[in-house]
Amino acid sequence: MESQVRGGTRWKRFAVVMVPSVLATAAVGVGLAQGALAASFSVSGQQFKVTAGHLHGEGFAQYGGVDTVYTSTKGDSQQPVPVAISSFKNATITKMCQSVATKIPIFNKTVYLRLDAGRDKPVTAENLYIDVSQLDADAKFTNIDIGVAVQDQNKGPAVKPGDSVLPGGFAQQAESADLYGVEQTAWATTAGTFTLNGLSMRLGTDAKMECY
């Protein structure tokens, strides 16, 4: 990792810089349990996997938060889960794959839903928010600020209304971010617009359908 904070800064494995964001969510969880923070929208009890050849984002911010997720596909109970929220004002993504595995009791099988897009023409998104539990990638950031307060970050999109975050908590931001060889597990993704060029969707029971 280069020693400077300003200018182009590289990390070979992006997962390293997510650690402070995830640790900061412990206090968010306490506030949520005590009713001091509003819970974000309910998220399904299933995480999904995403891979991408290259994600270029303009206006990047990342900070800790809490999602309220169902504990299973039965949908009869919920629990708070810490996430690292990565956000981009604008993003282009090449060779994107998204997959989710669902166990179907009536068939006693696991069914995989897989989406592929951005092979010939990149996927594009505006005001993109990704609630991440795990992310590995090679990364380069331009003009990055590490340790800015969540409520004072101004390079990325504003925090979504209703999101459970600590306004004075740890955040990082950059004018732009480039992630290569992305492997990510997430709870939720939201965007103002999300254009999936060359979209292909498939269902199957072969575990090889998962993105990784």
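Guide: Let's start at asparagine 143, which is found in strand E7. The model here is a predicted one, where local features need pLDDT of at least 70 and side-chain atom pairs count only at pLDDT 80 or more, while totals for chains, interfaces and linings use all residues. Residues are numbered from 1 along each chain as its sequence is written, and side-chain values use heavy atoms, with hydrogens and water left out.

Visitor: What makes E7 a strand?

Guide: Strands are DSSP runs of E with at least two residues, helices are runs of H or I with at least four, and both are numbered from the N terminus. By that count the protein has 1 helix and 10 strands, in the order β-α-β-β-β-β-β-β-β-β-β along the sequence.

Visitor: Back to asparagine 143, then: what is its phi?

Guide: About 50°, a positive value, although asparagine 143 is not a glycine. Most residues other than glycine have a negative phi. Lysine 95 also has a positive phi, near 50°, and it lies in the loop between E4 and E5.

Visitor: Why is asparagine 143 called partly exposed?

Guide: Buried means under 20% relative accessible area, exposed means over 50%, and partly exposed is in between (1.4 Å probe, protein chains only). Asparagine 143 comes out at 23%, so it falls in the middle class. Lysine 95, at 47%, is partly exposed too. Across the protein, buried residues make up 43% of the 212.

Visitor: How do you know that E7 and E8 pair?

Guide: Two strands pair if DSSP finds at least two bridges between them. E7 and E8 are joined by 17 and run antiparallel, so they qualify. One residue to look at is isoleucine 130, which stands opposite threonine 189 in E8.

Visitor: And how many bridges join E3 to E8?

Guide: 14, again in an antiparallel arrangement. Phenylalanine 60 has alanine 174 in E8 as its bridge partner.

Visitor: What makes cysteine 97 and cysteine 211 a disulfide?

Guide: The criterion is a pair of cysteine sulfur atoms within 2.5 Å. Here the sulfur atoms are 2.0 Å apart, so the pair passes. The structure holds 1 disulfide, and this link is left-handed, with -85° about the S-S bond. Cysteine 97 lies in strand E5 and cysteine 211 in the segment after strand E10 (200-204), so the disulfide ties together parts 114 residues apart in sequence. Both cysteines are buried.

Visitor: Why is the contact of glutamate 210 with lysine 49 called a salt bridge?

Guide: The rule asks for a side-chain nitrogen of Lys or Arg within 4 Å of a carboxyl oxygen of Asp or Glu. For glutamate 210 and lysine 49 the closest N and O atoms are 3.8 Å apart, so the pair meets the rule. Glutamate 210 sits in the segment after E10 and lysine 49 in strand E3, 161 residues apart. Glutamate 210 has 21% relative accessibility and lysine 49 has 22%, so each counts as partly exposed.

Visitor: Which other salt bridges can you point to?

Guide: A search of the whole structure finds 6, including aspartate 163 with lysine 160 at 3.0 Å, N to O. Both of those residues are buried. Another is aspartate 116 with arginine 119, at 3.2 Å between the closest N and O atoms. Aspartate 116 is buried at 9%, whereas arginine 119 is partly exposed at 46%. Salt bridges with shared partners join Arg114, Asp116, Arg119 and Arg202 into one network.

Visitor: What makes something a pocket and not a cavity?

Guide: On a 1 Å grid over the protein atoms alone, a cavity is a set of points where a 1.4 Å probe fits but cannot get out, whereas a pocket is an open set with protein on both sides within 12 Å along at least five of seven lines. Lining residues have an atom within 4 Å of a point. The largest pocket has a volume of about 320 Å³ (the space filled by probe spheres set on the points, which are joined across faces, edges and corners). Of its 22 lining residues, Phe48, Val50, Gln98, Gln184 and Thr189 are closest to the centre.

Visitor: Which strands supply at least two residues of that lining?

Guide: E3 (48-70), E4 (78-94), E5 (96-104), E7 (123-149) and E8 (170-190).

Visitor: And how many lining residues fall in each class?

Guide: 16 are nonpolar, 6 are polar and none is charged. Nonpolar covers Ala, Val, Leu, Ile, Met, Phe, Trp, Tyr, Cys and Pro, charged covers Asp, Glu, Lys and Arg, and the others, Gly among them, are polar. Phe48 and Val50 are therefore nonpolar, while Gln98, Gln184 and Thr189 are polar.
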